[in-house]
Amino acid sequence: MIVSKFGGTSVGTFEAMQRSAKIVASDLDRQLIVISATSGTTNDLVALSASQLDSTQREELLGNIEKRHLAIIEQCEAEEKLRDAFYTEFSGLREHLDFVGRDKRWKDALYAFGELMSTRVFVEVLRENGVDAEWLDARNVMKTDSTFGNAEPILASIKKKAAKHIQKGKTYLTQGFIGSDVFGNTTTLGRGGSDFSASLFAETVGADTLEIWTDVAGVFTTDPRIVPDAFPINEITFDEAAELSVFGGKVLHPATLKPAMRAGVNVRVASSSDPDNPGTYIVKDAEKKPAIRAISLRKDQTLLTVNSLEMLHQHGFLAHLFKVLAEHRISVDLVSTSEVSVALTLDTAVNAANKVELNEDVLEELGRFAEVIVEDELALIALIGNDLQKTSGIGGPLFTALEDYNVRLICHGASPNNLCFLVEQKQAEDIVRMLHGKFITE
């Protein structure tokens, strides 16, 4: 059994939907199809959640969503049936926008309309291409807690619901990104959560393979928009891919690989516009394991430095520090310590999966027992590979290459699969280009 996830660009136009439908039809083992909202729709829905919108702006955004879907529907054989299905969801969207309370619960229900509308259309496109697909409401299976905006899946409940609603041998089309809590409220798994949804589905139904169909031909050695010579990687280990996704890889959502790794599900990342290209296979043990496989870049990072003489030969200081951060739900990436200070990196990028809000409350609380310094406009660069903590000849050439740049923090040795450091954001892309040319070869 194959679980196939198609991203927004893979279902964003009639032509894209046709290509994706033909991919599904080409292999009967593709029995669970998970798709995102059509490209651009989630952005419009997020814009619609703004309280300061006037009626003209609201109608413009709704018009964008309507036109985007009608452009696909008008080219389908079942145009009348599709119009009815689409406008059922679209009318629900309009009604939802009239609700007064705009809390996180309301926003999750709003954002879910993107996937509900796209799947109503794509299920008919699948049928027109010979795939007898059944539309499945993901909220009946994807059970989560009530942390609206970034809900945590409840695996035991998902497995129970999947056994009830999903039968092997049948083909289902469902939504990524959305779920529901124990009270039936719509929840979302965070921006980019469709990959995570697909991986959870793959784990719970016992799939052999999870396919992530996107607009790029696999996982690249680095962002090809920064380095034109970057190339797709044929095969990469779960450990490498996990580090790459966490430290800024653009193809996979950071949480995607966890369920697949737990269940031993093979993962393939490929391009829906070039399905004959094998893309990248993510496996437990790769045939080739170069010391440096890829370079990732994550912008808009913040460095939080906490200084206090109370740290000197004292126990409990770090426990106190991290207790404060935990109480404010602040996730820390990298940590570096000295006798009297701790430096922490925080992911404060706008579109971060777990964006950190470093507000005045937490700074005031930390300031009661330490001096706090906050530095912005930094970027995190990570070298991803194998046995980096054991490989000689990496550190010397790397830091020689960086001699003209100011490195703010270095993290090495905690993982055999990454070596990362913090630099000024304005220099980051130049550094990535330089290091890719020096360390990455086909």
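So, R83 and E79: both sit in helix α4, 4 residues apart, which is about one turn of the helix. Their side chains meet in a salt bridge, 3.2 Å from N to O. Keep in mind that this is a predicted model. How exposed is R83? Partly exposed, because its relative accessibility is 27%. E79 also comes out as partly exposed, at 27% relative accessibility.

Now, what does α4 pack against? One partner is α3: the two axes come within 11 Å and cross at roughly 160°. That angle makes α3 roughly antiparallel to α4, and the crossing is right-handed. On the α3 side, the residues in contact are R58, E59, L62, I65, E66, H69, L70 and I73. Facing them from α4 are E79, L82, R83, F86, Y87, F90, L93, R94 and L97. You'll notice our pair, E79 and R83, in that list. If you sort the residues of this contact by type, you get 10 nonpolar, 1 polar and 6 charged.

Let's stay with the charged ones for a moment. Side chains of opposite charge can pair when their charged atoms come close. Which residues are linked here? R58, E59, R94 and D98 form a network of salt bridges. Within that, D98 pairs with R58, with the closest N and O atoms 3.2 Å apart. D98 is in the loop between α4 (79-97) and α5 (104-111), while R58 is in helix α3 (residues 55-73), so this pair ties together parts that are 40 residues apart in sequence. And is D98 buried or exposed? It counts as exposed, because its relative accessibility is 53%, and the cut-off for exposed is over 50%.

How many salt bridges are there in the whole structure? The search finds 27. Let me pick one from the strands. E375 forms a salt bridge with R408, and the closest N and O atoms are 2.6 Å apart. E375 lies in strand β14 (residues 371-385) and R408 in strand β15 (residues 407-412), so the pair ties together parts 33 residues apart in sequence. E375 is partly exposed, with a relative accessible area of 22%. R408 is partly exposed too, at 31%.

Okay, back to helix packing. Two packed helices are described by the angle between their axes and the distance between the axes. So take helix α1 (residues 14-25) and helix α6 (residues 113-128): their axes come within 9 Å and cross at roughly 60°. That makes α1 oblique to α6, and here again we have a right-handed crossing. Which residues meet? From α1 we have M17, Q18, S20, A21 and V24, and from α6 we have S118, V121, F122, V125 and L126. What is the make-up of this contact? The split is 7 nonpolar, 3 polar and no charged. Put that next to the contact of α3 with α4, where 6 are charged.

Last stop, H165. This one is in helix α7 (residues 155-165), and H165 is partly exposed, with a relative accessible area of 25%. What does H165 touch? Leaving out residues up to four places away in sequence, the answer is L136, N140, V141 and Y172. For a distance to go with that, the C-alpha atoms of H165 and A138 are separated by 9.9 Å, and those two residues are 27 apart along the chain.

Technical notes: Residues numbered from 1 in each chain as written. Predicted model: local features only at pLDDT ≥ 70, side-chain atom pairs only at ≥ 80, totals over all residues. Heavy atoms only, no water. Helix = DSSP H or I, 4+ residues; strand = E, 2+ residues; numbered from the N terminus. Buried < 20%, exposed > 50% of the residue type's maximum accessible area, 1.4 Å probe, protein only. Contact = heavy atoms within 4.5 Å. Axes fitted to C-alpha atoms, helices over the stretch in contact; angles between N-to-C directions. Parallel < 35°, antiparallel > 145°, perpendicular 65-115°, else oblique. Left-handed = near helix turned anticlockwise from the far one by under 90°. Nonpolar A, V, L, I, M, F, W, Y, C, P; charged D, E, K, R; others polar. Salt bridge = Lys/Arg side-chain N within 4 Å of Asp/Glu carboxyl O.
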